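Okay, thanks for making time, everyone. Let me put the sequence and the structure up on the screen, and then I'll talk you through them.

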Amino acid sequence: MSKMLAGELASTADVEAETRVPTEQELIWLCQQGDRACFRLLYQRYQQRVRSTLYQLCGSSLLDDLVQEVFLKAWNGLPKLKTPKYFSTWLYRISWNVATDQRRKLARIQEKTSFNEKSWEKEPLNHSILSEVQDTPDLMHLHYQDIVQRGLDNLSFDHRAVLVLHDLEDIPQKQVAEILDIPVGTVKSRLFHARNLFKKFLEQQGISL
């Protein structure tokens with residue numbers, strides 16, 4: 001009887017071992033050994049957060065390409081990651097660097113083509129999209145989403161970054177400081193000014209908090 005029970009327990013343990021979801025640190029270690037299947041699991045866990053952050057920082061243009069660039073850099077850089085427990089901070093740091101590079105590229109293009117920021121804000125496509133969905137239930141959601149994005153566009157890139165990472169992505173201030181490589185005091189100061197500027201923008205749109 002005891003042998004049967006031991007066999008059943010061993011069998012159960014084997015099944016649990018096979019079905020157990022690996023911890024993040026285990027996944028990272030396996031990725032560092034070249035396991036692409038484990039990297040796909042990491043991608044599934046983080047791609048939405050990376051995508052959301054890049055969208056808030058850079059807008060929808062080239063968003064798919066930017067997300068792909070972040071994870072390609074992550075895959076190539078993983079063997080050098082010494083402390084797996086800081087993976088999320090490290091990945092956000094890559095996202096920040098990719099967003100910064102994209103901003104610089106856009107700035108250079110704007111200089112060459114003499115476009116200014118107002119020309120970017122007056123894209124007729126947004127108005128046509130809104131007019132097409134004017135009678136749909138999602139109109140208010142689209143309306144506020146558009147206002148939030150324009151409010152973020154109204155901020156400097158530094159102010160936008162701390163607001164997106166801390167207030168929208170819910171990342172602690174200490175981690176935001178590590179991602180942006182700035183002191184925590186600077187994060188607090190930028191957050192204070194960013195919130196005030198964002199609040200003023202919303203008030204100008206007739207929205208009070």
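I'll start with the overall fold, then go through the core, the salt bridges and a charged patch on the surface.

One thing up front: this is a predicted model, so please keep that in mind throughout.

So, what does the protein have in the way of helices and strands? There are 11 helices and 0 strands. If you read along the sequence, you just get α-α-α-α-α-α-α-α-α-α-α. The protein has 209 residues, and 33% of them count as buried.

Okay, the inside. As general background, nonpolar side chains in soluble globular proteins tend to be buried together. Here, the largest nonpolar core has 49 residues. Which of them touch the most other members? Those are Phe-39, Leu-42, Leu-54, Leu-57, Phe-87, Leu-91 and Leu-180. As for where the core comes from, a whole list of helices give two or more residues to it, including helix 2 (24–32), helix 4 (63–77), helix 8 (139–153) and helix 10 (173–180). Helix 5 is on that list as well. The largest share, though, comes from helix 3, which puts in 8 residues.

Now the salt bridges. Searching the whole structure turns up 7 of them, and I've picked out three to show you.

The one I'd like to begin with pairs the side chains of Asp-64 and Arg-51, at 2.7 Å from N to O. Asp-64 sits in helix 4 and Arg-51 in helix 3, 13 residues apart, so the pair links distant parts of the chain. Arg-51 itself has a relative accessible area of 27%, and therefore counts as partly exposed.

Next up is Asp-158 with Arg-190, where the closest N and O atoms are 4.0 Å apart. Since we all like cut-offs: the criterion is a nitrogen within 4 Å of a carboxyl oxygen. Asp-158 is in helix 9 and Arg-190 is in helix 11, so this pair ties together parts that are 32 residues apart in sequence. Is Asp-158 buried, exposed or partly exposed? Partly exposed, with a relative accessible area of 36%.

Then there's Arg-195 and Asp-167, with their closest N and O atoms 2.9 Å apart. Arg-195 lies in helix 11 and Asp-167 in helix 9, so parts of the chain 28 residues apart in sequence get tied together. Both ends are partly exposed: Arg-195 is at 40% relative accessibility, and Asp-167 has a relative accessible area of 32%.

Let's go out to the surface. Which residues form the positive surface patch? Lys-73, Lys-105, Arg-108 and Lys-112. Helix 5, residues 87–113, gives the most to the patch, with 3 residues. Take Arg-108, which is found in helix 5. Why does Arg-108 count as partly exposed? Because its relative accessibility is 48%, and the partly exposed class covers values between 20% and 50%.

While we're on this helix, have a look at Arg-103, which also lies in helix 5. Arg-103 comes out at 31% relative accessibility, so that one counts as partly exposed too. How far apart are Arg-103 and Phe-157 in sequence and in space? They're 54 residues apart in sequence and 8.7 Å apart in space, going C-alpha to C-alpha.

That's my tour, so over to you for questions.

Terms used:
Residues are numbered from 1 along each chain as its sequence is written. This is a predicted model: local features need pLDDT of at least 70, side-chain atom pairs count only at pLDDT 80 or more; totals for chains, interfaces and linings use all residues. Side-chain values use heavy atoms; hydrogens and water are left out. Patches are made of residues with over 30% relative accessible area and no salt bridge: like charges are joined within 9 Å, nonpolar side chains (Val, Leu, Ile, Met, Phe, Trp, Tyr) within 5 Å. Accessible areas come from the Shrake-Rupley method with a 1.4 Å probe; for residues, only the protein chains shown count as cover. Lys and Arg count as positive and Asp and Glu as negative; His and the chain ends are not counted. The place of a charge is taken as NZ of Lys, CZ of Arg, CG of Asp or CD of Glu. Helices (H or I, at least four residues) and strands (E, at least two) are DSSP runs, numbered from the N terminus. Buried means under 20% relative accessible area, exposed over 50%, partly exposed in between (1.4 Å probe, protein chains only). A nonpolar core is a set of buried Ala, Val, Leu, Ile, Met, Phe, Trp, Tyr and Cys residues joined through side-chain atoms within 4.5 Å.
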